[in-house]
Amino acid sequence: MQFKNQITQLLFPLAFAFVAMMLIRTTLYLAYPSDFADLTPYEVFLSFVMGLRVDMITLFTFSALFILLLLTIRNRLARRVFGMLWAIVLLAIMVISFAGVLYFDFIHRHISNEIFNLGNDWDIIFNIATNSYLPYTLGAALFTFAFLYLMDTIFKEMPQTFIAGKKLAVTLVAALLILFIGIRNSFQGKSFGSSDAYAVSKVSSGNLALNGFFTVYRTAKSKQKHDLLPLDEAVSRVQDLLYTPHAPFTDAKYPLMRSYQAKETPKYNVVIVLLESWGAEHIDGFTKYPELGITPYFKELSSRSLKFTNFYANGFRSIFGITSMFTGITLPSGFEYLGKGLELSNLSYLGQVAKQNGYSTISMQGGNRRSYRIDAVSRLAGFDEYYGAEDMPEVETTDGGRYAHTGTFDYNLFHFYHQKLNTMQEPFLGFAFSSTNHSDFHVPRAEFERYPHGLNDYYGALNAYIYVDNAIERFMKGVEKEPWFDRTIFIFTADHGSGDALNPIGKELRGNPPHLDSIEHYRIPLVIYAPKIFQPKEVSTLGSQNDIFPTIIDMLGFKGDVTTLGNSLFDESFQKRFVYLFAGNLIGLKTQNGYLMYNFKDIVEHKGEDINEMKRLLFAIDTAEAQLLEKNRW
């Protein structure tokens, strides 16, 4: 393949990459229509134009050196080597961006610096890549070979003529100017960043404009500045927000630490079940859409419980939910996860407080022991015993040849949990995190496949809900026979939402209902079941995972000095309830008056009254939490 000169030789792969990136964006738009349904056609067009700018920044940033070298170097071998190195860089940009489209299905936003923590779960990644994603894996391999071959074909031949002398000097100056403008893409103070990618003030616009590679490299070494308010003002506002006479602030050095005094209450056992992807959008009895009848037992159980219908996750990934459950805080933007560095701060831990109050503790998950590093995290959080899938006998009956691939089926987890609780010294506090409802969606028997089953499609997800609901039913019917049952409080909630309730299949199954606000993706069930302790009641109190830790302290009368961003859901003196969210490059706040999402530059989505006041509250929470953690004053 021969070109007229080195300029046309360079333009061909660059144009190829631009077209490929726009096709990837188009795939994102077509694959997840429900995520972009709030955009008008004109807003979609604006978002695509903004996406072209994002792609220009991405491609120019990582191509600039190669372009300048290939404009000037005349040696055939050197050109071929630098051409192949450029090919590898372009290939990484395109493959990571397309992988981000696939990952979008899990978190409904672009992947960012969490990609550097996925190494903790190579077993899950390998399983998905070689099962439900095998066609994509093979396609990526084929594309890699074809693209590298194409690039080698382009650069193994010299162009017909080689621009040199004064003309080359002018060409280099022009190239430098174009690259500078393309990379900076802004004539204002700061260069173009992720927060600038919102063509309109909607989260969906930013998601459509950004690409996965851009969000990864822009957050790779980022440390978000949490200085939205002066610290003293932020702390004062958060103290006012969290104030309750039942847990006063007691130490100026640790201004958000509160002192809980022991109460004369029965020392009930607590059994926590954190359900994977158990978003309210899909759960019968909690969804605001027409029900699908996939979780009938959970609906019936919630009707016999304290049923919290206005309850939210504080993030969009499992480790964020676990962080909130164990510590009562929302992971601050730009901070390392719990198990990867957040623990260097002086956090309060649920298990430690329980142990200090005389409880025996146990933690487990249906995934492999090291998944999300929950083994280490559980030890940090004060749990005496910890178990993973490798420790759990296979008691679930399966059709021939079926197995869970990574982790274990949820009933194996629940059965093991049941047996271990039988051996615990009362009072005890247990925590179990399920896994079956995470793709790939393996179910043990065909009887649970109401819909045509796919390992990574919507029908497969619905079948997984059906199976997990059945596993919960068998677990509860088993523990109801135990002597400790009457003295036990069961807490069921989710790690995060699911967010795909109105994809094309979901819309058809539900009769094409209207879309709800995007905050609905964070709503999850909370069920507190203890028939000998609590009367059934539907509760509309606003709450989040951060409130569970202080709620347990309140229910059990624990004593301790604890810092959280939540309050007991039973504390009627606490009036200013809120939910503080973290979503990659966004933070958010929900109150009784509405909600807003903020990208550290602009409000990108909001609804309700007193938006300016909500913005100040969000600024205060973010600043106070992050800076106190950084200064080790938590």
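Biologist: What is the volume of the largest cavity, and what makes a space count as a cavity?

Modeller: The largest cavity has a volume of about 250 Å³. The model is predicted: local features need pLDDT of at least 70 and side-chain atom pairs count only at pLDDT 80 or more, while totals for chains, interfaces and linings use all residues. Residues are numbered from 1 along each chain as its sequence is written, and side-chain values use heavy atoms, without hydrogens and water. A cavity is a set of points, on a 1 Å grid over the protein atoms alone, where a 1.4 Å probe fits but cannot get out. Its volume is the space filled by probe spheres set on those points, which are joined across faces, edges and corners. The structure holds four cavities of 30 Å³ or more.

Biologist: Which residues line the largest cavity and are the closest to its centre?

Modeller: They are I124, G367, T406, S435 and H438, out of 23 lining residues; to be counted, a residue has an atom within 4 Å of a cavity point. Five lining residues are nonpolar, 15 polar and three charged. G367 is one of the residues closest to the centre, and Gly counts as polar here, so G367 belongs with the polar ones.

Biologist: Why is the pair K307 and E538 called a salt bridge?

Modeller: Side chains of opposite charge can pair when their charged atoms come close. The test is a side-chain nitrogen of Lys or Arg within 4 Å of a carboxyl oxygen of Asp or Glu. The closest N and O atoms of K307 and E538 are 3.9 Å apart, so the pair passes. K307 lies in strand β3 and E538 in strand β10 (strands are DSSP runs of E, at least two residues, numbered from the N terminus), so the bridge ties together parts 231 residues apart in sequence.

Biologist: How do you know whether K307 and E538 are buried or exposed?

Modeller: Buried means under 20% relative accessible area, exposed over 50%, and partly exposed in between, with a 1.4 Å probe and protein chains only. K307 has 12%, so K307 is buried; E538 has 54%, so E538 is exposed.

Biologist: What makes E426 and R487 a salt bridge, and why are they called partly exposed?

Modeller: Their closest N and O atoms are 2.6 Å apart, so they pass the same salt-bridge test. E426 has a relative accessible area of 33% and R487 38%, so both fall in between the two cut-offs. Across the whole structure, the search finds 25 salt bridges, and E233, R237, E613 and R616 are linked in a network of them.

How values were computed
1 Å grid on protein atoms, 1.4 Å probe; cavity = no way out; pocket = protein on both sides within 12 Å on 5 of 7 lines; lining within 4 Å. Helix = DSSP H or I, 4+ residues; strand = E, 2+ residues; numbered from the N terminus.
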